[in-house]
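Q: Please take me on a close look at one spot in this protein, then step back to show how that spot sits in the whole chain. I work at the bench, so plain language is welcome.

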Amino acid sequence: MRVEFPEFRLGTVLATSFTGTLSERHGEAVERIPTPQRLVDWLAVYGLAVDSCTPAQLDLARALRESIHAAATAAATQEALPESAVQVINDRSAQGRAAAVLTPEGERRWQLSSASRVEDALGVIAADAIGIIAGERDGKLALCASPTCRAAFFDTSQSRTRKWCDMNTCGNRQKKARFLATHGKKPRSAD
Ligand SMILES: [Zn+2]
């Protein structure tokens, strides 16, 4: 029998898509990389294919994920970056040995030093997080307006007024909740 795993939420920004593999952190959290194989699957989607992953490598990945989440949240709220999170991000970045390579079609690909080097893939993700948190990229870190989510996301909209980490999930849910609040059974006070 095939076990069903939670689907991935795929965003366009590598580092915050990675932190999105744990969603609803302030509600009923959903772990989207519950097994090493699911991390392998996720990495393949983002052009960081590895042929295997050990439980220890999955632990490294989750530690990086939570560190990026903590640092990005602090950056979004303009607080001091947590030291331990910065350390983990820097360690992962320093220990990655992926190389950017150019394809004949002019696209950038990541080449890992070996197919079992999950650490190389994590290095790429850590470097992506550093670029965003350091403000090097065009966009702004913000926190999802959903109270059960509060995910840090990278707002690249022109007005920088995006409210939700994901329009199809948090954005939609919020809209439905607002509709219910307005048109639901709750009696309205006379005015
Ligand atoms: Zn959200």
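**A close look at His-69**

A: Let's start with His-69, which belongs to helix H3, the stretch covering residues 55–76. Please keep in mind that you are looking at a predicted model.

Is this histidine buried or exposed? His-69 has 22 C-beta neighbours inside 10 Å, and therefore it counts as buried; the cut-off for that label is 20 or more. Setting aside residues up to four places away in sequence, His-69 touches Thr-19 and Ala-152. Right beside Thr-19 in the numbering comes Gly-20, whose C-alpha atom is separated from that of His-69 by 8.9 Å, although the two residues are 49 apart along the chain. The other partner, Ala-152, belongs to strand S6, which runs over 152–155.

Now let's follow the chain out of the helix. Gln-78 lies in the loop between H3 and helix H4 (83–95). With 7 other C-beta atoms within 10 Å, Gln-78 is exposed. Its backbone deserves a glance too: phi is positive, about 55°, and Gln-78 is not a glycine. Most residues other than glycine have a negative phi.

Another non-glycine residue with a positive phi of about 55° is Arg-150. You will find Arg-150 in the loop that joins strand S5 (140–143) to strand S6 (152–155). Arg-150 has 18 C-beta neighbours inside 10 Å, so it is classed as partly exposed. That loop leads into S6, and Ala-152 in turn is one of the residues His-69 touches.

Stepping back, the protein has six helices and six strands. Read along the sequence, they follow the pattern α-β-β-α-α-α-β-β-α-β-β-α. The C-alpha trace spans about 70 × 45 × 40 Å along its principal axes. Of the 191 residues, 32% are buried, and His-69 is among them. Among contacts with a separation of 6 or more, 54% link residues 24 or more positions apart.

Finally, a word on confidence. The mean pLDDT of the protein is 92, and 95% of its residues reach 70 or more. Residues 186–191 are a stretch to read with care: pLDDT stays under 50 there, and the model has one contact beyond four places in sequence for them.

To return to where we began, His-69 is a buried residue of helix H3, in touch with Thr-19 and Ala-152.

Notes. Residues are numbered from 1 along each chain as its sequence is written. This is a predicted model: local features need pLDDT of at least 70, side-chain atom pairs count only at pLDDT 80 or more; totals for chains, interfaces and linings use all residues. Helices (H or I, at least four residues) and strands (E, at least two) are DSSP runs, numbered from the N terminus. A residue is buried if 20 or more other C-beta atoms lie within 10 Å of its own, exposed if 12 or fewer, and partly exposed in between; C-beta atoms are placed from the backbone. Two residues are in contact if their C-beta atoms, placed from the backbone, lie within 7 Å. pLDDT is the predictor's confidence in each residue, from 0 to 100.
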